[in-house]
Amino acid sequence: MEAHPRTAGVHDAGHSTTAEASNTVCLFDPRGDLLTLGSRALEEFSEYGDIARVDLSLVVVMNCALLTYFDVRSAQQVLLRYAGRAEPFAPLAHDCRIVRVRVGAFFERLPVLAATGGFGQFGKVAHVSMSGGDALVEYFDMRAAQRLLSVAGNTASPLLLNNQPQQPPSANMSLILANMGRRADLAGMGNVLGKGLEAGMAGSNPLTPAPAPAPVPVPPPAKMLPPKPAPLAKKKCPGLPLGFNVVHRAHPVVQAEPERYQIVEHKDAPELARRIARPDPYKDLIFTTWQGGNIFTRFWFSHLRSVGLEDHTLMITYDQKDCHTFPVKNCVVQKVDDMLRVMKETKVPPNNGGLIHGAGLAVVSKWTWSLEFAKAGYNVLFADNDAVFVQNPFDYWWRPEVKKYDIMGLSDWRTKGGEVGYCRRNIHDINCQSTGIMFFRSNSRTIASITEMVKEATPPGRAWEQALWQKFIPRIAQIHKGTYQLLPLKYFMNLEWVEKRNPDAVAVHMGYVHGMCNKIHAFWCVGLGVEGLERDVEVPCRGAAIW
């Protein structure tokens, strides 16, 4: 996108209480403790929110470390907590939280958003005002503004307030500037302090102000914090291209007692969907099912949180302890007896199904829950927890050219044309779908198709559900008059299809990679790691051959 920041006077901000607030905080440290801002210190400040940027260029001269948070409320909390030690600092040009939207053109481009007011779909809105027919939409979080800009194209542009106030220097900073002022003007100081000081202090320093920096393109959200290589990424990754440059942060850990997580049955599907799904006209949600441990699911949830779907993600497991660390709203525990009743079993089948591959509770229940959500009138995206999302998948699902499909699923074709057993050699054959990622649009055609599948996938003697589904794919159109298509490989792919550049990728699934440790390691290798889960991953994976 070629949009550049625009500036506006404070009157454009209406009555917003946060429009002029900066996401950047200057932390003073006269003893020099911040010369190296270690992981322990970062963990301390990360408690207030996700950190977008750390700048230590002013530590030596000004005893000041600059922390930029994605969410302005996080910066405000730090200012309150460290009063006397912390002060606001001028934002950079691309630290944009306010977007100027040409309303008519925007809703013409994205008409489906008009029914719900639209702007709240991208993140929490702090304030909306009008200026000359344009909407000035302020978000608390910079990432929400970036998401809006990424889909709005030329109908929106970032906006900065040209009179955003600069805080006067504190006593510590004044002393440094006074001492340096006897030896050099601001231009000379710039050689020592860098351009950050010139831009940040020009508005309040009596010395010659530096020229305003030229507008710069707004970077996409994932690039606002240059990802540091996770420890696991240092391992050898033969044959795997570094196809992405996205290292999302781990979701905040929730210390909730196990009994706080809701026990559910299939009959609770309408209530769960109402709680999690986006409102009309979308009525969609994303969910996964799993058994045993939660490290992999934490990896999955962290990526979805980073693309803005935290509030619309549901995780279904079978032990309350597996929900540990997750928000209570997002994780529920299915009553085992309820699933056994549906499967007509008297005891829990093996997780890998033994001789009946895929007979575990979680594998079968992806279908039973998809059916219940669809019957309740909700559009469903199911994703195994070994899939990660680098973009919001619902943005793809609601494209005009995609809305015509009732059901879509991840292609299981191998890059070298190898067969999976149920895939034929003709690459145009639709009978080659992985059930690792599936979209179901709620209507009578979809419900009839899933009902057929559930009838054969649940009872004893069941076949492997992924192979079984291939039998029913042709019947979607032939019998139920529905529409079906494999998800295009440029958007949704198994690991084999990751290339050196994947600009259109929405999701990557670890098909044909076996074992949790191998899968997570491969994600880091291709540049899809989760920063903050390294130690947790090392515990179960210590001693594994790939390390």
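Okay, one definition before anything else: a charge sits over a ring if NZ of Lys or CZ of Arg is within 6 Å of the ring centre and within 35 degrees of the ring normal. Keep that in your head, and remember that what we're looking at is a predicted model.

So, who fits? The charged end of Arg-441 does, sitting over the ring of Trp-398 at 5.1 Å from its centre. Arg-278 is another case: it lies over the face of Tyr-282, 4.0 Å from the ring centre.

Now let's stay with rings, but pair them with each other. How many aromatic pairs does a search of the whole structure find? The count is 17. One of them is Trp-369 with Phe-373, and that pair is tilted, with 5.6 Å from centre to centre and 35° between the planes. Both belong to helix H12, residues 361–375, and they're four residues apart, so about one helical turn separates them. If you're new to helices, here's the background: an α-helix has 3.6 residues a turn, so residues three or four places apart point the same way. Are these two buried or exposed? Trp-369 is buried, at 0% relative accessible area, and Phe-373 is buried with 0% as well.

My next pair is Trp-397 with Phe-439. Their ring centres are 4.5 Å apart and the planes meet at 20°, so we call this one stacked. Trp-397 comes from helix H13, residues 393–397, while Phe-439 comes from strand S18, residues 433–440, so the pair ties together parts that are 42 residues apart in sequence. Trp-397 is buried, with a relative accessible area of 0%, and Phe-439 also counts as buried at 0%. And these two have company: ring pairs link Tyr-396, Trp-397, Phe-439, Tyr-491 and Phe-492 into a cluster.

Let's go back to H12, and look at the whole helix this time. H12 has 15 residues, and from its first C-alpha to its last it reaches 21 Å, close to the 21 Å expected at 1.5 Å a residue. How many of the 15 residues of H12 are buried? It's 12 of them, so the helix is largely enclosed by the rest of the structure. Among those buried residues are Leu-361, Val-364, Trp-367 and Leu-371, and so is a lysine, Lys-366.

Ser-365 deserves a moment too. This serine lies in H12 and is buried, with 0% relative accessible area. What does the side chain of Ser-365 make a polar contact with? Its partner is the side chain of Tyr-318, at 3.1 Å. Then, just after H12, you reach Gly-377, which takes a positive phi of about 95°.

Last stop: a sheet. Quick reminder for the newcomers: strands of a sheet pair through backbone hydrogen bonds, either parallel or antiparallel. Here, four strands form an open sheet in the order S3-S4-S2-S5, and the pairing is antiparallel. Why is one side of S3 and of S5 left without a neighbour in the sheet? Strand S3 (51–55) and strand S5 (86–89) stand at the edges, so each has a single partner strand. On average, neighbouring strands of this sheet are turned by 25° against each other, direction ignored.

Zoom in on one edge and you'll see S3 pairing with S4, residues 64–69, in the antiparallel sense over four bridges. If you want a spot to click on, find Asp-55, which stands opposite Leu-66 in S4.

That's my tour, thanks for listening!

Methods
Residues numbered from 1 in each chain as written. Predicted model: local features only at pLDDT ≥ 70, side-chain atom pairs only at ≥ 80, totals over all residues. Heavy atoms only, no water. Pairing = 2+ DSSP bridges. Helix = DSSP H or I, 4+ residues; strand = E, 2+ residues; numbered from the N terminus. Axes fitted to C-alpha atoms, helices over the stretch in contact; angles between N-to-C directions. Phe/Tyr/Trp six-rings, centres within 6.5 Å; stacked < 30°, edge-to-face > 60°. Buried < 20%, exposed > 50% of the residue type's maximum accessible area, 1.4 Å probe, protein only. Expected span 1.5 Å × (residues − 1). Polar contact = N/O pair within 3.5 Å; in protein donor to acceptor, adjacent residues only side chain to side chain.
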